[in-house]
Amino acid sequence: MMRSTQGLNAHSLSAAKWIDHGAIQLTAPLPELLKQWEQERLLTPLDRHFALEMSLLHPSDSQQPLFILLCALLSQQLSSQHSCLVLAHIVPLNPMAEQNSHCKISLSLEALTETLQSFDAVGQAGSNKPLILDNGRLYLQRYHQFETSVAASLIRLSGSVSKHSEDASHQEHTQTAKLRSLLDQLFPANLLAPHSLTRNAITTNVITKSEGTQSAATIDWQKVATATALGKKLSVITGGPGTGKTTTVTKLLLLLQMESQQEIRLVAPTGKAAARLSESIKASKARLAKELSTHADVVDDARNRNNQDFLTALGRIPEEASTLHRLLGVIPNSPHFRHHQGNPLRLDLLIVDEASMVDLPMMYKLLSALPEHASLILLGDQDQLASVEAGAVLADICAGLKMPVAPNNLAQNNIASNNQALWQMRYSKEQALRLSALTGFELTPYISDAPKLGDSLCMLMHSHRFKGDAGIGLLASAVNRADLQGILQVWQQGPAELSWLEHSMVVSQTQAKVSEPVNNAGLNLLLEQACQQYGAYLSALNSLASNSDVGTRPSTADIIESFNQYRILCAMRSGDYGVEGINQFVTQALANAKLIKPLQEFYLGRPIIIQSNDYNLGLFNGDIGLILQDEDKPERLMAHFIKADGSLLKVLPARLPSHETCYAMTVHKSQGSEFSRVALVLPPSPSLAQWQLLTKELVYTAITRAKVHFTCLGTQHVFERASSQATQRASGLADRLWG
Ligand SMILES: Nc1ncnc2c1ncn2[C@@H]1O[C@H](COP(=O)(O)OP(=O)(O)OP(=O)(O)O)[C@@H](O)[C@H]1O
């Protein structure tokens, strides 16, 4: 329906006569057309087989072609990560989005809906039919169940008070005062020095009604998010990179640990993201410990006692994070997990980081396995790329907070204010008053009659990592708003944090064809950069090979760390400017610079990325490893991986599951990772199929992987068009959550 028509050749079918089947007209029998669409890559082989299998569920009457076509379209939507087929999105004159249509639907939307309802294989919500038609959306029964169940669980959790809040409810006033004082201590008012736990800062934090309402910028949303999570079984803390999600959760865990010992688990969708979460929690704990011990108050003994209690509780906060798969208990060769509704997880609080990567089926499995009494905290960035599989769960959860604002109305130079203009917190009156009492901030301006889900959400808007007026943050913010003028301004200002490399493709006059990549000056500059950046890692490696002094040798972990300073990210996999092409160019450039000797498949220094799960070895899709000398047996090369728990895993190269070289990786695979320096490669002249992958979420995700410097190899046209194209995932989840 929304697929590419690239490669479509003028086929003999276009000359054929239309055959009338009542509800649809075709230029050839449908099975032939399905084959043709598969060849033209408008359908996957799975889509075609699914449609043909489903045809068995419908009598071979005049309506059967319509039924088969809708099944093919539904499967096509699922293959494109949508959760359902929205009937109103079907283009009747060209439902398959062909160059020359071979199929037409001659029914109005109402008639199409009525016809579908009359089919035996299609049922309403709650029925046990293979296909479900619900509110203009056609679902596979399973996906309908995922969606309705996820919505019901999230609504139930957001309407329930947390165990912590339940325990405290019988002594509400004293409890509120106590919590308020603890929150004030952890979140002092001075926003310019938010970590300084000084008495002055605390007292200025108390805001009375008479002082008027603060602007959103003066509200410490980290404090509000903590107060939210203390009261609700569901809390969703979202925000861009460096907005303090981990810092907030660490303070929340600290408060929870002061009250009672809870079974807390930390998880993330990938091993890399889990390892990062672990590191961030450790770093955040260390920062907090330092602040607490250095800010002993000479005047206030009670406060010092609190600090001591904080420090003790800090020690109890768990640091280890695992993957979602590990938490749920993988059963090899089975789509099911060991933990489910009948065998729930044993925990009181589950924290899921990088929640934007969690797809709809996974969210369903996770929520099903959550015990009745437990609380759930989702952390993530709703603006990042949606999950690799169906759904955009985090974006749907946050959808109700989105403001309908034209980008041109926004201030151009401040991330915080821009993001505030895009989003608006929505609380029930009860929640706004409760949060105001706990935090001292006036939150009544955020009262809305939106559904209760709003009570569980908190969006952090101020990035502490990127300065609002510096390059990476400004560019990320402009891309996020699809603000083309803002994007141009940022590049024109030429900040030191950003480098632009223009594809210089010479178009041959005779062949009207762009030149070979080898003549692309932009690509050559990128390869120079790659040799310089990877050169630091490879030089360290080469000197290691000739250094036998254990005292001065860098450790394997140091080597892996130095590789992780830089990464090239590609928008797509195949082609000269996809992962495959760029990896070949970089390998060649590094070999020419004598930094590597790629004489055999597994050469010293080759980075690899795993492409499938191997539960026996403990390696998962997306794990990145380096081919290095085995410290125990230097004469042999082993693939080295750092696991989520920080341990080193060594694997004989011959035993590796499918993998590829990883000087360059896709933006999708980079989610959950960060690098000091990032280079994004956009194709110079994308095909129709490639344009569909080039979205603002992809560009935003690539930019925000960079901590220190971001380079883009591209053309202005491609960068701008990609930045103005938002991902649309067909789903009914946002409607179910927000009504
Ligand atoms: N209120 C604050 N004031 C000053 N610095 C802060 C504040 N909150 C967080 N930071 C700093 O910002 C940096 C990022 O914080 P943190 O890791 O908590 O953000 P995050 O949203 O979890 O980031 P990521 O998206 O990368 O996981 C840290 O160095 C932290 O010390």
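Helices, taken as H or I runs of at least four residues, and strands, taken as E runs of at least two, are DSSP runs numbered from the N terminus. On this basis, Glu354 is placed in the loop between β11 (349-352) and α14 (360-369). The model under consideration is a predicted one. In this loop, Glu354 adopts a positive phi of about 50 degrees although it is not a glycine. Most residues other than glycine have a negative phi. With a relative accessible area of 9%, Glu354 is buried, since the cut-off for that class is under 20%.

A positive phi is also found at Asn135, a residue other than glycine, where the value is near 55 degrees. Asn135 belongs to the loop between β6 and β7 (137-140). In contrast to the buried Glu354, Asn135 counts as exposed, because its relative accessibility is 64% and the exposed class begins over 50%.

The surroundings of this loop were examined further through Asp134, which is located in strand β6 (residues 131-134). Asp134 counts as buried because its relative accessibility is 15%. The side chain of Asp134 makes a polar contact of 2.8 Å with the side chain of His144. When neighbours within four places in sequence are left aside, the residues in contact with Asp134 are Ala125, Tyr139, His144 and Arg736.

At the level of the whole protein, 27 helices and 25 strands are present. Of the 739 residues, 55% are buried. The protein exposes about 31,300 Å², of which carbon and sulfur atoms supply 52%. Among contacts with a separation of 6 or more, 73% are accounted for by residues 24 or more positions apart. The domain assignment gives domain 1 (19-156), domain 2 (163-168 + 176-186 + 219-405 + 419-465) and domain 3 (471-506 + 518-724). A distance of 40 Å separates the C-alpha centres of domain 1 and domain 3.

Two open sheets were then considered in detail. The strand order in the parallel sheet is β14-β25-β24-β17-β23, which comprises five strands. Its edges are formed by β14 (498-502) and β23 (664-666); each has a single partner strand, so one side of each is left without a neighbour in the sheet. Neighbouring strands of this sheet are turned against each other by 25 degrees on average, direction ignored. Within the sheet, strand β17 (residues 566-570) pairs with strand β24 (residues 675-681) in the parallel sense over five bridges. One of the bridge partners is Arg677 in β24, which is matched with Tyr566. Helix α25 (residues 696-703) lies across β17, β24 and β25 (706-714), and runs at about 135 degrees to β25.

A contribution from residues distant in sequence is illustrated by Ile472 and Phe710, which are 238 residues apart in sequence but 6.9 Å apart in space, C-alpha to C-alpha. Ile472 lies in helix α18 (residues 471-480). Because its relative accessibility is 0%, Ile472 counts as buried.

The other sheet is antiparallel and open, with five strands in the order β21-β20-β19-β18-β22. Its edge strands are β21 (648-651) and β22, each of which pairs on one side only. From one strand to the next, the twist averages 35 degrees. Strands of a sheet pair through backbone hydrogen bonds, either parallel or antiparallel.

Strand β18 (residues 607-610) is covered on both faces: Pro607 and Ile609 on one side, and Ile608 and Ile610 on the other, are all buried. Pairing between β18 and strand β19 (residues 624-629) is antiparallel and extends over three bridges; the bridge partner of Ile608 in β19 is Gly625. Strand β22 (residues 659-661) is likewise joined to β18 by three bridges, with the two strands running antiparallel. In β22, Glu660 is the bridge partner of Ile609.

Strand β19 is in turn joined by five bridges to strand β20 (residues 637-642), and these strands run antiparallel. Here Leu626 stands opposite His640 in β20. Helix α21 (residues 556-563) lies across β18, β19, β20 and β21, running at about 130 degrees to β19.

How values were computed
Residues are numbered from 1 along each chain as its sequence is written. This is a predicted model: local features need pLDDT of at least 70, side-chain atom pairs count only at pLDDT 80 or more; totals for chains, interfaces and linings use all residues. Side-chain values use heavy atoms; hydrogens and water are left out. Buried means under 20% relative accessible area, exposed over 50%, partly exposed in between (1.4 Å probe, protein chains only). Contact means heavy atoms within 4.5 Å. Accessible areas come from the Shrake-Rupley method with a 1.4 Å probe; for residues, only the protein chains shown count as cover. Domain bounds come from an automatic or database domain assignment. Two strands pair if DSSP finds at least two bridges between them. Axes are lines fitted to C-alpha atoms, for helices over the stretch in contact, and angles run from 0 to 180 degrees between N-to-C directions. A polar contact is a pair of N or O atoms within 3.5 Å; within protein, one must be able to donate a hydrogen and the other to accept it, and residues adjacent in sequence count only if both atoms are side-chain atoms.
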